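Open the model in your viewer and keep the selection panel handy. This tour moves from one selection to the next and says what is there at each stop.

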Amino acid sequence: MAAKTIISRPVYGTLSPQPGKHHLFIADAEGALAITDMARTAPSGFFDGAEIVFIPGPDGKHAGALEALKPTQFHLAPSFASLLPRLKQTLTNAHMGLRLYLAGTEGLIGQAMQVALEAGIDHTSMQTEHRGSLARRMQCVHCKGITENVTTQPATCSHCGLLLLVRDHYSRRLAAFQGVCINAEDRSEIPPIEEAFP
Amino acid sequence: MGITFRKETFRDDFTFKNSPEHIRRFPFPFHEDSYMYAVNIEPHVVGPKGSVLENLIDVDEHYVAEMQDRALVLAEDPLRCQSLPHMTLAGWDLLELLMEQQALGYPEHFTLTRDGDRWRWINRPLGIDDTFTFGDTSTLPYGPMEYITRQSQGDFCILDQRDGNLWMDAGMVTTQADWSLDFDIGMNFFEWHAPVPLAHEKGIFVRALKFLTNIQQGKPARRLNWTMTINPRLDTSPENYHKWGPDRGTVTPENVGDKVHLRVELQSFWRLPRSNGIVFPIRCYLIKMDELVTQPKWARRLHRVIRDLPEELATYKGLTRYRPTLVEWLSKLDDGSATSPGFGPD
């Protein structure tokens, strides 16, 4: 679990079954385990009105366990980008009473939340649970490019190449942490690069 | 008699200067010889003639040059001005407020005439004479917020009030002290202040939010904030930090007086009548050390404030690299004698 540091940094909870007609789960990699853990306490028939969308991690695990919950719809996506058009349509057509559950890496939770926010769903109504990698999505404040899966502190912007301090300051709208040039005042200062978000 | 607007720059050759009258009216932010955060909010009422509070929206000798600098920033980076879709009405509120206040305070420079929704706005310093329909965005060359804030000194944040919180949902931010509108837009009051050290623990933001959400129409409030800037650079954005950051390493005992500037923000808070939003103008005043120390009281007091500033605040304000050089330079102007109470020069 990620430690709470500053107020803009997201805080995640533990998934729990919510009252509602329709339940949409979006998870990646080990986020699947948050769903299967929750399923143990869910009322019977809970998944009859559920859709699970899953992006497996590099190990390819957990898809079978999710399918075994027998949701009404089960969809495997190879990446978040590939999932996006479908997710947008689902959320655009959603009725009152849809409950959203996001589980897995911060990047997945953040990006799914970003799409849901754009569809008018309040972020406090979404269930979230962080599982797996602490890797961060980072926006370079200088060139505005997003670098995915940042695990080091500092980290190099994949767009403009500046060496960035990865801050805890987080934007839900951008689904990203802020990266600010760490040696802007003297480029010859190169701090050691450490594995900070494994 | 009107204002004589200076021809000057806030970049490249940095020709910005304050006239002697503007040095005397500088809003020096320290009322005692030390500094710590406080909820230093007071009613924004008209102050003494010749002070920056003579009018509630202050226009000064830097007006034309600041507007030219803003236009340069926006040409490079249009994301410095953003408004979420639900904020257009608040933009019209702001346009009305700024036109009314500028025309009221400086009738020789600005004129607003209204015939129902048909408005005519004359801005003589910038050579603008536009007639438009209030509320109809298609009759202006920009959205209402962008149109009027291209003609008003200071940054402007428009906050939407809902769920007992304030949301940073629109703004024109080109002279900021190191925060990014593009990153913070859409955040609530606590979220966009998240990186500020010490103040959360002191409960500052909880009390400030309570105060701000209760601001009434016609009863604006204000506070001062401050930092320091190397060279008279208005655009000290995080976006361009890699470009201006190296300036902080250029301070030497010989150039302190010319390079180091005290940067004071006069922040005011106004309830907007139609949208129920709050507009938060952040008016930036710069003064170089050579100008500031012409007032001996300010020199002594600034020395003591900077010398005794808690390390976390010095780091947050970006002073670390040149603080020793600055304190050494100021110490020579501090004979240890007492300073009189209050902000003003002796």
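**Stop 1: chain B as a whole**

Select chain B, which holds 13 helices and 10 strands. Please keep in mind along the way that this is a predicted model. The radius of gyration of chain B is 20 Å, close to the 20 Å that the globule rule gives for 346 residues, so chain B is as compact as a globular protein of that length. If you align the view with the principal axes, the C-alpha trace of chain B spans about 60 × 45 × 40 Å. Colour chain B by burial, and 40% of its 346 residues come up as buried. Now draw the contacts of chain B with a separation of 6 or more: 71% of them are accounted for by residues 24 or more positions apart.

**Stop 2: a strand with two partners**

Next, select residues 260-271 of chain B, which is strand E9. How many of the residues of E9(B) are buried? The count is 11 of 12, so E9(B) is mostly covered.

Add strand E8 of chain B, residues 221-230, to the selection. E8(B) and E9(B) run antiparallel and are joined by 10 bridges. To find your place along this pair, label B:Arg223, which stands opposite B:Gln267 in E9(B).

Then add strand E10 of chain B, residues 278-288. E10(B) also pairs with E9(B) in the antiparallel sense, over nine bridges. B:Gln267 is a handy marker here too, as it stands opposite B:Ile282 in E10(B).

Follow the chain round from E9(B) to E10(B), and you pass through a hairpin with six residues between the strands. Stop at B:Asn276 in this hairpin, which takes a positive phi near 60 degrees.

**Stop 3: a helix with a covered side**

Select residues 323-331 of chain B, helix H13. Which residues of this helix are buried? Show the side chains of B:Leu326, B:Trp329 and B:Leu330. Looking down the axis, you will find that they cover an arc of only 95 degrees, which puts them on the same side of H13(B).

To see what covers these residues, bring in helix H9 (256-259) and helix H11 (296-308) of chain B, along with strand E9 from the previous stop; these are among the covering elements.

**Stop 4: the start of chain B**

Go to B:Asp12, in the segment before helix H1 (20-24) of chain B. Check its backbone torsions: phi is positive, about 55 degrees, although B:Asp12 is not a glycine. Is this residue buried or exposed? B:Asp12 counts as exposed because it has 8 C-beta neighbours inside 10 Å, and a residue with 12 or fewer falls in that class.

**Stop 5: where the chains meet**

Show both chains and select the residues in contact between them: 19 from chain B and 18 from chain A. On the chain B side, the elements that give two or more residues are helix H6 (189-192) and helix H8 (241-244). Colour that side of chain B by class and you get nine nonpolar, six polar and four charged residues.

**Stop 6: chain A as a whole**

Now isolate chain A, with four helices and 12 strands. Its radius of gyration is 18 Å, which agrees with the value near 16 Å that a compact globule of 198 residues would have. Along the principal axes, the C-alpha trace of chain A spans about 60 × 30 × 30 Å. Of the 198 residues of chain A, 40% count as buried. Among contacts in chain A between residues at least 6 apart in sequence, those joining residues at least 24 apart make up 62%.

**Stop 7: the open sheet of chain A**

Select the five strands that form an open sheet with mixed pairing, in the order E7-E6-E11-E10-E9 of chain A. At the edges stand E7 (146-150) and E9, each with a single partner strand, so one side of each is left without a neighbour in the sheet.

Zoom in on E6 (136-140) and E11 (176-181) of chain A, which run parallel and are joined by three bridges. Here A:Gln139 stands opposite A:Gln178 in E11(A).

**Stop 8: two backbone details in chain A**

Select A:Pro154, in the loop between strand E8 (152-153) and strand E9 (155-156) of chain A. The peptide bond leading to A:Pro154 from A:Gln153 is cis, with omega near -10 degrees.

Finish at A:His62, in the loop between strand E2 (50-55) and helix H2 (63-67) of chain A. A:His62 is not a glycine, yet its phi is positive, about 85 degrees. With 20 C-beta neighbours inside 10 Å, A:His62 counts as buried.

Methods. Residues are numbered from 1 along each chain as its sequence is written. Chains are lettered from A and ligands numbered from 1 in the order in which they are written. This is a predicted model: local features need pLDDT of at least 70, side-chain atom pairs count only at pLDDT 80 or more; totals for chains, interfaces and linings use all residues. Two residues are in contact if their C-beta atoms, placed from the backbone, lie within 7 Å. Ala, Val, Leu, Ile, Met, Phe, Trp, Tyr, Cys and Pro count as nonpolar, Asp, Glu, Lys and Arg as charged, and the others, Gly among them, as polar. The radius of gyration is taken over C-alpha atoms; the globule rule is 2.2 Å times the number of residues to the power 0.38. The arc is that of the directions from the helix axis to the C-beta atoms. Two strands pair if DSSP finds at least two bridges between them.
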